[in-house]
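Morning, everyone. Let me put the chain on the screen, and then we walk through it piece by piece.

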Amino acid sequence: VSFQLSDVAPTPSFYNHVLSCWSRSTDSNAEIEAKTLLERMSLPLETYARPDVFSYNNLLNLHANRGNVDKAEALLKKMDEPDHTIPPDAYSYTIVMNAFQKKFTTSGSERDMKDPTKAEELLSRLVKKFEESHYSDINLRPTHVTFGTVLSMYAAADRILKEDMSRGDVTRKWWSRNILSGADKQKMGWGAENAERILEWMIALKEKGKRKTVGKKDKTDNNPVDDLILVNNRHFLTVIDAWAKAGKGVMGAIRCERLLERLENLYQSSGGDPKLRPGPKHFGAVIDAYSRADDRESTAEHAEKFLDKSEDLFLHSTNPNDALSNIVYNLVIDAWSRRIGHKSGERANEVLRRMIKNYKQTKNPSLRPDVISYTGVMKAYVTHPDGGKEALQILDEMKEQFKSGNVNAKPDFKAYAVAIDACVRNGLSIEAERLLDELDDSAKNQTIFNTVMNGYRIEGRGQEAETVLKRMIELADRGYRRCSPNSVSFGVCMEAVRLFKIILLFANAQSQSHSHFTT
């Protein structure tokens with residue numbers, strides 16, 4: 001047993017372990033206890049260990065874990081003051097940036113579209129400090145993870161704004177804060193634009209690091225700048241995906257295509273760095289962008305062009321990470337289903353047959369068509385002159401696929417709804433009603449009944465429309481409230497009956513006229 005004070009006095013590491021426990025605690029007094037312990041460490045007594053940056057980082061973590069971003073930001077600002085004895089390190093900044101990210105990506109009234117900008121300001125301060133140290137203070141060295149935090153926040157901004165707008169959740173609080181300065185910045189694509197800017201910043205810093213290592217004789221000498229940023233294909237995928245989902249149409253798709261080309265060039269110039277190698281997901285994101293960009297007629301062709309390239313690169317790859325899946329094919333099918341014209345159905349069907357052929361050749365289970373594949377083709381056939389017949393054939397194929405073991409091809413409600421719509425548009429309302437009968441009563445709803453009745457209205461079959469309406473009322477009385485007829489239901493049925501009576505009157509008139517002429 002030692003009786004030396006130096007052997008039994010608590011070390012900073014000992015205190016920091018306790019602080020770390022408080023930072024993760026859910027106790028209501030955790031913050032008070034952690035601050036009290038930190039103050040004890042700061043007392044001018046030889047028996048107590050002095051606080052270090054890990055001590056303050058634990059307190060930052062406590063605030064971040066509890067969602068107190070303002071307190072975490074205030075503490076970081078205090079640590080940044082010249083008279084503060086413990087300056088922050090890169091991890092200190094990262095903690096607060098992650099707190100902003102968590103707040104921004106979690107739905108709630110406190111989310112603010114200024115959060116990505118605030119996180120970038122912290123990143124800029126960190127990079128400036130590292131530059132001012134002439135790249136010698138490795139404690140202030142940001143990494144690709146630090147940059148990736150800000151990049152991912154901007155990349156998510158358009159999606160978050162779009163989701164909230166679609167739900168009607170653009171609250172007064174969001175807009176009263178003037179969330180995006182200037183009318184142009186309030187448009188979709190603001191997040192993707194800034195995410196790409198952060199990516200370019202990362203690339204520029206990496207190139208700067210390479211230039212600083214030129215001429216080094218000792219290759220074992222580690223240059224902090226050279227290791228500053230390790231740009232990889234995941235960063236590119238994040239930005240490409242952001243543009244694909246930004247709602248910018250063809251312009252967004254073109255930006256995706258350019259980013260993919262940039263990644264391919266970096267991969268070639270790096271001598272084949274596997275971390276910069278484009279994969280199927282990168283091509284899939286570009287295809288996704290073109291499938292969404294239905295504001296030009298050529299978008300489906302562009303999507304299929306990237307599918308061709310994906311097959312050339314990855315169809316026969318033995319690397320499981322590079323294996324193609326039915327997702328890229330489904331996206332191209334979806335692009336054709338958005339195209340108006342009689343050829344869209346045939347082109348979508350060709351992509352489906354191509355997928356089936358590749359599945360049989362490669363035995364890749366991920367390439368097997370699923371319900372999304374078949375439903376997309378039926379959707380492309382909806383406006384086709386023989387769309388109803390084609391949809392019925394595809395639906396039968398789905399049933400056969402399911403029976404043969406393809407559980408992912410089982411027709412769901414959406415598949416039936418698309419097939420019913422195709423039948424109605426092609427004068428096959430009786431077939432549409434037959435498909436309606438195949439659905440379980442619990443799956444039926446008001447809309448799908450109205451679709452069938454509308455088909456009978458178009459065909460002037462009032463009695464059949466009236467029968468469908470009675471079925472809706474019967475199901476509603478049995479507790480299936482989703483089948484309750486609304487004003488549209490009654491309106492469509494009355495119009496169908498009226499047209500039916502008009503057709504009967506016309507037929508009777510024609511019959512009497514013919515009888516009179518014969519006499």
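First, a definition: helices (H or I, at least four residues) and strands (E, at least two) are DSSP runs, numbered from the N terminus. With that, the chain has 23 helices and 0 strands.

Now the ground rules. This is a predicted model, where local features need pLDDT of at least 70 and side-chain atom pairs count only at pLDDT 80 or more, while totals for chains, interfaces and linings use all residues. Residues are numbered from 1 along each chain as its sequence is written, and side-chain values use heavy atoms, with hydrogens and water left out.

Confidence next. pLDDT is the predictor's confidence in each residue, from 0 to 100. The chain has a mean pLDDT of 86, and 84% of its residues reach 70 or more. Two stretches to mark. Over residues 512-519 the pLDDT is below 50, and this stretch has 0 contacts in the model beyond near neighbours in sequence. Contact means heavy atoms within 4.5 Å. Residues 169-186 also have pLDDT under 50, but here the model has 29 contacts beyond four places in sequence. Where pLDDT is low, the predicted coordinates should not be read in detail.

The chain as a whole. Buried means under 20% relative accessible area, exposed over 50%, and partly exposed in between (1.4 Å probe, protein chains only). Of the 519 residues, 45% count as buried. Take the contacts with a separation of 6 or more: residues 24 or more positions apart account for 68% of them. The exposed area is about 27,400 Å², and carbon and sulfur atoms supply 52% of it. Areas come from the Shrake-Rupley method with a 1.4 Å probe; for residues, only the protein chains shown count as cover.

Now the core. A nonpolar core is a set of buried Ala, Val, Leu, Ile, Met, Phe, Trp, Tyr and Cys residues joined through side-chain atoms within 4.5 Å. The largest one has 139 residues, and Tyr329 and Met378 have the most contacts inside it. Helix α8, residues 144-166, gives the most to this core, with 10 residues. Look at Tyr329. Leaving out residues up to four places away in sequence, Tyr329 touches a set of residues including Leu307, Leu315, Val351, Arg354 and Leu367.

Stay with α8, which also holds Asp158. Is Asp158 buried or exposed? Buried, because its relative accessible area is 2%. Beyond four places in sequence, the partners of Asp158 are Met188, Gly189, Trp190, Gly191, Ala192 and Ala246.

Just ahead of α8, look at the loop. His134 is found between α7 (115-132) and α8, and Tyr135 lies in that loop too. Most residues other than glycine have a negative phi. His134 has a positive phi of about 60°, and Tyr135 also has a positive phi of about 60°. Their burial is another matter. His134 counts as exposed, because its relative accessibility is 67%. Tyr135 counts as buried, because its value is 13%.

Back to the N-terminal part, and α3. This helix covers residues 30-42, 13 residues, and reaches 19 Å from its first C-alpha to its last, close to the 18 Å expected at 1.5 Å a residue. The expected span is 1.5 Å times one less than the number of residues. Which residues of α3 are buried? Ala30, Glu31, Ala34, Leu37, Leu38 and Met41. Seen down the axis, they fall within an arc of 135°, so they line one face of the helix. The arc is that of the directions from the helix axis to the C-beta atoms. On the other side, Ile32 and Glu39 are exposed. What covers the buried face includes α2 (12-24), α4 (53-65) and α5 (69-79).

Two long-range pairs. Cys423 lies in α19, residues 413-425, and counts as buried at 0% relative accessibility. Cys423 and Gly388 are 35 residues apart in sequence and 4.0 Å apart in space, C-alpha to C-alpha. Glu301, in α14 (299-314), counts as partly exposed at 34%. The C-alpha atoms of Glu301 and Trp336 are 35 residues apart along the chain and separated by 8.5 Å. Beyond four places in sequence, Glu301 touches Trp336 and Arg339.

Last stop, α22. Its buried residues include Gly462, Val468, Arg471 and Leu475. After α22 comes Gly479, with a positive phi near 110°.
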